[in-house]
Every structure is written in structure tokens, then in C-alpha cells.
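Trainee: Before I use any of these labels in my notes, could we go through the reasoning behind them?

Mentor: Yes, let us set each value against its cut-off.

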Amino acid sequence: MIDLRSDTVTKPTPEMRRAMAEAEVGDDVYGEDPTVNHLEERAAEIFNKQAALFVPTGTMGNTIGVKVHTQHGQEVICEARAHILNYELSMMAWFSGCVARPISAEHGILRWPQIQKELRKTSPHFAPTGLIEIEDTHNMAGGTVYPQAVIDEICDNAHSNGLKVHMDGARVFNAAAAMARKVSDICAKVDSVNFCLSKGLGAPVGSIIAGDKDAMTYGRLLRKRLGGGMRQAGVLAAAGLLALEQTPQRLPDDHLNARYIAESLHSMPGITVDLASVQTNIVIFDVSATGRSSAELSARFRDHGVLMNGISPTVMRAVTHYDVSRKDCERAMAVVAESLRA
Ligand SMILES: *Cc1c(COP(=O)(O)O)cnc(C)c1O
């Protein structure tokens, strides 16, 4: 099977499995797991933040990110297709007592003037704005990348309005690869950033949230409260360390493969792809003019050894990662072309 459903499907490399088997461990709830401590220190260094926290999932990282910066009854400004709003079981409401103030933005990239219009102060009617959240790369907009100046402008203005900025950087290393920049530069001004070790970076489990020392100290309590006190988590952190240190440099290959897929799809009758939005490892394409639904196409592809999901009845998504080679991508495109002809 050629699995293009998501970059979460990457399996740990043999080297990761060896590192996991040999990891030094301790009880992380006591702060005594040397491998987890090392991973958190390295992540903080790489992002140039005061502290970092190893969490089981990106959803938990974002949940902590929202909670440390907000109070119950506030609004969180985010893009309309944001993961925190649409794919995290309403944790911002369930755990943090906040409501989303979604803004639709071209390519998923929020800009300060749009945000400024939605800021609310406490009044007899309004829930005040508590936090601004940005997603880089933006998953449902097709892996789009925030221009650096846009991030910096949002952060500078947020801060002068007394607001914090949390970045859902699940794929911020893909953004870094696309921009040929360091993640520490991309995230220099955000107050916290969450990123996934378990997607394109290839670790089997885990995400990291990084930010100020005080926020992360509070975050450590929240992690325990959410069920993320993982004890001998060094076996997972060992794979996470390799993912963090070694995988980012090969992400450009995934981006080239995504570009190849986008251009192939673009040339097929009935398929629409916005090539400008294909900037990293995600390709979102519209199949309505093929006369078939995403579900029908998905089933047909599966019969021929290719996994790809719909994100709506008419829109599908392909995601590249290190477990699909260029050859696999070529085969997948042959299957798509053939399925459309059949
Ligand atoms: C995958 C993802 C997350 C976190 O997902 P988990 O499955 O909880 O690890 C967060 N944000 C974005 C944009 C994602 O793609």
C-alpha cells in the first residue's frame, strides 16, 4: 500500500527502534527521565525558547498552549479552517472554557489588519479576546507557509495589545524547509509553539510545546491533569530525539514529491489543484468535475494499492512523507489517472 493519507503514518526507522530499545529511562513525573529531559532541553535550544515540554499528542500541546495564555470566558482568534477549531474535539471550550473567533483568510494565512478588526475588549456583551492562534504550515489550506513578516507583525501588534500568540506548528519544520529558515527565527516572537515529532519527522509518538519558563512550568501541571504524565517516556523521547535532530534535513524531498503529485493531478481532466498553495508536503485537490465523490475515488484508489482520503465529499488530500518514495508517487499518479479513465 502507498499511504498518502497523512504524514502521521510514518513508521519509526530501524535506528529509532534501536535508540528506543537502548534508551536510559526514569520516572518523568518526578522529572527523572534523562532521555525526556534531554529531548526537552534540545527542543528548547533549537527553538531558542526558555523551556519545552514533551507531550503525547499535538492536541495536548495545543490544549496546553491555549490554557496557559487564557482565562475562562475569553475568545481565541484563529483561522476558520484551524486544526484547534475543527479537529481537536472542542478542547478549547471543553478544557479552557474559551470560544473560537474564526476568521477566513486566503491560503489560511491570517494578517494583522483582519485580526485587529476582531479584537474585543471586556464589555457588557462581549467575551474579550484572550489569545491569537496561527497555524504554520496550515494543514487544511494545503500546507501553506506564513511569510516571516506576517508572523512578526501579528506578534508585535498582539503584544502591544497585551495579547499572546500561540503557534500550532505541527509542521513548522516543513515551513522551515520551505523557507530555508531556522525554526528559531520563524518562532522568535511567538509566545508558545507546538510541533509534532510524529508526523513528517517520523517519531512513533509525541509532540513538543515550547515557550517561557513560567508558562511551561504551568504547562507541566496541565499535562499531568490531562493524563500526559507518562513515567518512563524516555523510550518514546529517544525516537523523538532522532526525529528532531536528523529528519528535518530530508523534508525538502517530501516537498518535491508533493510538487510532483500536484503537477500530475493538475494535468488530469476533472481535477483542480491550486498550484500556488502547494508549498510543502500537502496537496489538496478538488474532484467535483470528475463526476465522482471523494469516497468513490478513495475506494477505487484503495483497490489499486493507494490510500488517499477525502476531506469533504468533493475535496481530497494527499500528504507526502519519508515512507513514500518518488517511485511510489509515480505509481500513485498512474493509479489515479487510470481510475479516472475507468
Ligand atoms: C496533526 C496536527 C495536530 C496534532 O494532532 P495530534 O493527532 O493530536 O497529534 C495539530 N495541528 C495540526 C495542524 C495538525 O496537522
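Trainee: What makes the pair formed by an oxygen atom of the ligand and the side chain of Asn139 a polar contact?

Mentor: This is a predicted model, and in it an oxygen atom of the ligand lies 3.1 Å from an N or O atom in the Asn139 side chain; because a polar contact needs such a pair within 3.5 Å, this one qualifies. The same cut-off admits the side chain of His83, where an N or O atom is 3.4 Å from a ligand nitrogen, and Lys199, with a polar side-chain atom 2.7 Å from a ligand oxygen. The protein covers 84% of the 380 Å² of accessible area that the ligand has on its own.

Trainee: Which residues of the shell are closest to the ligand, and which helix gives the largest share?

Mentor: Of the 13 residues that surround the ligand, the closest are Gly58, Thr59, Asp168, Arg171 and Lys199, while helix 3, residues 58–69, contributes the largest share with three residues. By class, the shell holds two nonpolar, six polar and five charged residues.

Trainee: Why is Cys155 not counted in a disulfide?

Mentor: A disulfide requires two cysteine sulfur atoms within 2.5 Å, and the closest cysteine sulfur to that of Cys155, in Cys187, is 9.0 Å away, so the two are too far apart for a bond. Cys196 is in no disulfide either, with the nearest cysteine sulfur, that of Cys187, 13 Å away, and the count comes to zero disulfides.

Trainee: Why is Cys196 called buried?

Mentor: Buried means under 20% relative accessible area, and Cys196 has 6%, so the label applies; Cys155, at 0%, also counts as buried.

Note on methods: Residues numbered from 1 in each chain as written. Predicted model: local features only at pLDDT ≥ 70, side-chain atom pairs only at ≥ 80, totals over all residues. Heavy atoms only, no water. Near = heavy atom within 4 Å. Polar contact = N/O pair within 3.5 Å; in protein donor to acceptor, adjacent residues only side chain to side chain. Areas by Shrake-Rupley, 256 points an atom, 1.4 Å probe, with all protein chains shown as cover. Helix = DSSP H or I, 4+ residues; strand = E, 2+ residues; numbered from the N terminus. Nonpolar A, V, L, I, M, F, W, Y, C, P; charged D, E, K, R; others polar. Buried < 20%, exposed > 50% of the residue type's maximum accessible area, 1.4 Å probe, protein only.
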